[in-house]
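Me: I should be grateful for a close look at one part of this structure. Please set out the chosen strand, what surrounds it, and how the neighbouring parts of the chain relate to it.

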Amino acid sequence: TTTVSSNYVGRLDSRSRPRSAVVDRIILHHTGDSSAAQTFRALRNRGLSVHYIVDRDGTIHNPVTEDKMAYHAKGWNARSIGIEIVNTGKADMQYTNAQYNSIKDLINDIAVRWPSIKADNQHVLGHYQVTTAAIGKWDPSPNFDWSRISLTGHILLADLGKIPPREEGYT
């Protein structure tokens, strides 16, 4: 079982899930910044939310309980658990070993609580996989190594013909 951080960053907006909702996906995001506190403020200011924020040191924050619907992936919120990974998204910021370990443990822990979620490529998705625009959502960034969370052969951004912004250091 993963230990959720006792470092309180606060609560974010959420609402009850529709009764008919079957929670069957986990969606990973990168935050676009470099700390959980920045992420929390940005989400709150934009009226967005996630269930978990994984900080650079691997600390897991839980601003929305899993029984609630968070606002992180339009069209997918009712059926998913959202995880933000603290990372600027820039090519020169690597994800940390502590983050990979915490993400893997957290995914496995969520899968135990939600029988309709498996820790596999069909149930754990990148935000870029659940959006239709060719340009736009590209998180987690291309330098996220899916194999580090035991998801080899995962569909990558490039596999979908999507490209990250050049200004983030990707060519």
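Reply: The account below begins with strand S6 and moves outward from there. The model is a predicted one.

Strand S6 spans residues 80-85. The strand is mostly covered, with 6 of its 6 residues buried. Its side chains fall into two sets: Ser80, Gly82 and Glu84 point one way, while Ile81, Ile83 and Ile85 point the other way. Such a pattern has a general counterpart. In a regular strand the side chains alternate between the two faces of the sheet.

Two strands pair with S6. Strand S2, residues 25-30, pairs with S6 in the parallel sense over 6 bridges. Within that pairing, isoleucine 27 has glycine 82 as its bridge partner in S6. Strand S3, residues 52-54, also runs parallel to S6, and these two strands are joined over 3 bridges. Here isoleucine 53 stands opposite glutamate 84 of S6.

Isoleucine 83 of S6 merits particular attention. Leaving out residues up to four places away in sequence, isoleucine 83 touches Ile26, Ile27, Leu28, His29, Tyr52, Val54, Leu106, Ile107 and Ile110. Of these, Leu106, Ile107 and Ile110 are among the buried residues of helix H2. Isoleucine 83 is also named in the description of the largest nonpolar core: of the 26 residues in that core, Ile26, Leu28, Ile83, Phe144 and Ile149 touch the most other members. The elements that contribute two or more residues to this core are S2, S3, S6 and H2. The largest share, 6 residues, comes from H2. A second core, separate from this one, has 9 residues, including Phe40, Val50, Ile53 and Val64. Isoleucine 53 of this second core is the residue that stands opposite glutamate 84. As general background, in soluble globular proteins, nonpolar side chains tend to be buried together.

Helix H2 covers residues 97-113 and has 17 residues. From its first C-alpha to its last, H2 reaches 25 Å, close to the 24 Å expected at 1.5 Å a residue. Its buried residues are Gln99, Tyr100, Ser102, Ile103, Leu106, Ile107, Asp109, Ile110 and Ala111. These buried residues pack against S2, S3, strand S4 (60-61), S6 and S7.

The loops on either side of this region can be considered next. Threonine 88 is found in the loop between S6 and H2. A polar atom of the threonine 88 side chain lies 3.2 Å from the backbone nitrogen of lysine 90. Not counting residues up to four places away in sequence, threonine 88 touches His30, Gly32, Asp33, Ser34 and Met93. Threonine 31, for its part, is placed in the loop between S2 and helix H1 (36-46). With a relative accessible area of 17%, threonine 31 is buried, because buried means under 20%. Its contacts, apart from neighbours within four places in sequence, are Thr39, Glu84, Ile85, Val86 and Asn87. Two of these contacts, Glu84 and Ile85, point in opposite directions from S6. The C-alpha of threonine 31 is separated by 17 Å from that of asparagine 77, which is 46 residues apart from it along the chain.

Phe144, already named in the largest core, leads to the aromatic residues. The structure holds 5 aromatic pairs. One of them joins tryptophan 138 and tyrosine 170, at 5.8 Å centre to centre with 75 degrees between the planes, and is edge-to-face. This pair links distant parts of the chain, 32 residues apart, with both residues in the segment after strand S7 (124-126). Tryptophan 138 and tyrosine 170 are both buried. The rings of phenylalanine 144 and tryptophan 146 have centres 5.0 Å apart and planes at 80 degrees, so this pair is edge-to-face as well. Phenylalanine 144 is buried, at a relative accessible area of 3%, and tryptophan 146 is buried at 5%. Both belong to one aromatic cluster, together with Tyr95 and Tyr100. Tyr100 is also one of the buried residues of H2.

Two backbone features complete the account. Aspartate 139 and proline 140 are joined by a cis peptide bond, with omega about -5 degrees, and proline 140 lies in the segment after S7. Serine 150 is found in that segment too. Its phi is near 65 degrees, a positive value in a residue other than glycine. Serine 150 is partly exposed, with a relative accessible area of 44%.

Technical notes:
Residues are numbered from 1 along each chain as its sequence is written. This is a predicted model: local features need pLDDT of at least 70, side-chain atom pairs count only at pLDDT 80 or more; totals for chains, interfaces and linings use all residues. Side-chain values use heavy atoms; hydrogens and water are left out. Rings of Phe, Tyr and Trp (its six-membered ring) pair if their centres lie within 6.5 Å; planes under 30 degrees apart count as stacked, over 60 as edge-to-face and the rest as tilted. Helices (H or I, at least four residues) and strands (E, at least two) are DSSP runs, numbered from the N terminus. Buried means under 20% relative accessible area, exposed over 50%, partly exposed in between (1.4 Å probe, protein chains only). The expected span of a helix is 1.5 Å times one less than its number of residues. Contact means heavy atoms within 4.5 Å. Two strands pair if DSSP finds at least two bridges between them. A polar contact is a pair of N or O atoms within 3.5 Å; within protein, one must be able to donate a hydrogen and the other to accept it, and residues adjacent in sequence count only if both atoms are side-chain atoms. A nonpolar core is a set of buried Ala, Val, Leu, Ile, Met, Phe, Trp, Tyr and Cys residues joined through side-chain atoms within 4.5 Å.
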